[in-house]
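Colleague: I have a model open on my screen and would like to go through it with you, step by step. Could you help me read it?

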Amino acid sequence: MFIKRKSRISRNKKNGGQEADIPIAPSISQETLLGMPLGAAIATARARMGDSADFIVREIGRDAAGAPKAAVFYIEELADAQKTSELIETLIHVASEDADEGSPAPAALLRSMHDRVHFGSTTSITTDEAFYAAILSGSAVVLVNECRDSFAVAVQGGDKRSIEEPSSQTVIRGPKEGFTEVLSSNLGQLRRRLRTTQLRIEHRSVGRFTRTQIAIAYIEGIANPTVLAELRRRLDAIDIDGILESGYLEELIQDRTFTPFPTIFNTERPDAIAGHLLEGHCAVLVDGTPFALVLPVTFFKFFLSSEDYYQRFDIITFIRAIRFLSFFVSLLLPSLYVAVTTFQQEMMPTTLLISLAAQREGVPLPALLEALLMELTFEVIREAGVRMPRVIGPAISIVGALVLGQAAVQAGLVSGAMVIVVSFTAIANFVIPSVSMAASIRLIRFGLMLLAGTFGLYGILAGTVPLLIHLVSLSSFGVPYFLPAAPLSLRNLKDVFVRVPWKAMRTRPEMISVLNRTREGNVPSSRKEKE
């Protein structure tokens, strides 16, 4: 029934136009699995699964000839043991009752088994592809001898991580629950926060081998239909072997423009996803990862945190000012130091200039190489702290930050001012809530340092102006990336640099939600409430 075949595929002309024999995996014959005798169906399924030890087939009942009446197919590691045991016991009981009444037709036996299953959702199976897809997704498939129909029972189980506090986006005040690697659990957390019939969940399977389950979440009547249509088109156009994390999808569906800035937001907080959906965004959740994607997104969204909406508006406005100040410090401070100390010394106060000159008296490297050396050293320390085991990770950070920095200053390799600049730059980079945006700033910082060491302040200006033009020209699923600064939208500015009180945020952001922009009705003032 199984044959081995080879396909001669012509290579591209760039490779010389030669042909190569490429082995093709064994394939099943054209005979369908459903409807054949159950013994042959079991043998066919075992062969298709490669006789894997974890592929379990449990035969149910026997007819007068000794052949099995039905069988349950499932994968041991993907199915819950207790649910599977209950299912098999129920089917055995049904088969024994039908044996006492005679030998019913296969369709009648299948219908009787389907009606007696009272736990888990059931799905009708009519094709071979649906048969294997259900098994590989963790369901148990019930097949009756010589019956062209079957059904799958949701008995998914196995080991999974419990709901914990997000590790990458912590808050002082707010929910402590985070997404897990199980898609159904993540959708459940989202449903608990958005208890509305307008919440829509669309499922898709991506990846020829992984068949990764993904879900598109949006609120009907608020989300932009144009963005939804474009998202569906890009997801349906993906043709890849496998999707192991949401980062695969983020790179495959983002706008085809080379940019160091992230154009899709990712988070592992259910409350953040719920808040974005209420503003008109769409979310993509991927099975196997706690990080969900939010789109479309603007540049300023990466500087906002879920906690901004859980505390007083005046405190959050001050914190946002610190974040944007930290952004400029992280991006420009090393470049400004290199430019001023190398080319524009007259811009510094005399006392500060004398102090810096005294510190750099014994330093053998120019300011540019000194800054690059320190930045690269800190990047190595940062990466080592992330990759090292948690027990010794803090020790590596302490040794790198204190011992190496102090030893480098005493040895005369770098100046004390450079250590301060690099350290404060790194601390400012940690203030940015989004890790992806912080990584982009770290990358751009090296380019600006090279320009500053070559042309001084003019080099920084020559780097920041094209960078600003690039930001203005970007878009995320048709939405301007630099909104609300360009194009200018005064209504959207009430939740960017400042966070106005909730009573003043009565509409959703422009160009994100285009159908229903009313978020809040008329809120009575305290005076009216007293009256």
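Modeller: Happy to; we can take the overall make-up, then a sheet, then some charged pairs and a surface patch.

Colleague: What kind of model is this, and how many helices and strands does the protein chain have?

Modeller: This is a predicted model, and the secondary structure of the protein chain comes to 16 helices and 14 strands.

Colleague: And what share of the residues counts as buried?

Modeller: Of the 531 residues in the protein chain, 44% count as buried. The chain exposes about 27,900 Å², and 59% of that area is supplied by carbon and sulfur atoms. If you look at contacts with a separation of 6 or more, 63% of them are made by residues 24 or more positions apart.

Colleague: Let's move to the sheet. In what order do the five strands lie?

Modeller: The order is β3-β4-β6-β7-β5, in an open sheet with antiparallel pairing. The edges are taken by β3 (55–62) and β5 (122–125), and because each has a single partner strand, one side of each is left without a neighbour in the sheet. From one strand to the next, the twist averages 25 degrees.

Colleague: How many bridges are there between β6 and β7?

Modeller: Strand β6, residues 140–144, pairs with strand β7, residues 150–153, over four bridges in the antiparallel sense. Within that region you can find V142 standing opposite F151, which belongs to β7.

Colleague: Which strands does helix α3 lie across?

Modeller: Helix α3, made of residues 106–116, lies across β3, β4 (68–75), β5, β6 and β7, and it runs at about 150 degrees to β6. Helix α4 (residues 128–136) also packs on the sheet, where it touches β3, β4, β5, β6 and β7, and its direction makes about 55 degrees with that of β4.

Colleague: Changing topic, how many salt bridges does the structure hold?

Modeller: The structure holds 28 salt bridges. As background, side chains of opposite charge can pair when their charged atoms come close. One of the salt bridges joins the side chains of R161 and E181, at 3.0 Å from N to O. Both residues sit in the loop between β7 and α5 (183–193), 20 residues apart, and the pair links distant parts of the chain.

Colleague: Is R161 buried or exposed, then?

Modeller: R161 is partly exposed, with a relative accessible area of 31%, and E181 counts as partly exposed too, at 30%.

Colleague: What about the pair of R208 and D241?

Modeller: Their side chains meet in a salt bridge of 2.4 Å, N to O. R208 lies in the loop between β8 (199–206) and β9 (212–219), while D241 lies in the loop between α6 (225–236) and α7 (246–253), and the two are 33 residues apart. R208 counts as partly exposed at 46% relative accessibility, and D241 counts as partly exposed at 38%.

Colleague: Which residue does D314 form a salt bridge with?

Modeller: D314 forms one with R312, and their closest N and O atoms are 2.6 Å apart. Here R312 is exposed, with a relative accessible area of 53%, whereas D314 counts as partly exposed at 33%. Elsewhere, salt bridges that share partners join E375, E379, R382, R442 and R445 into one network.

Colleague: Finally, which residues make the nonpolar surface patch of about 250 Å²?

Modeller: The patch is made by F318, I322 and V431. V431 is placed in helix α13, residues 416–431. V431 has a relative accessible area of 31%, so it counts as partly exposed.

Methods
Residues numbered from 1 in each chain as written. Predicted model: local features only at pLDDT ≥ 70, side-chain atom pairs only at ≥ 80, totals over all residues. Heavy atoms only, no water. Patch = residues over 30% accessible without salt bridge, like charges linked within 9 Å, V, L, I, M, F, W, Y side chains within 5 Å. Areas by Shrake-Rupley, 256 points an atom, 1.4 Å probe, with all protein chains shown as cover. Salt bridge = Lys/Arg side-chain N within 4 Å of Asp/Glu carboxyl O. Buried < 20%, exposed > 50% of the residue type's maximum accessible area, 1.4 Å probe, protein only. Pairing = 2+ DSSP bridges. Axes fitted to C-alpha atoms, helices over the stretch in contact; angles between N-to-C directions. Contact = heavy atoms within 4.5 Å.
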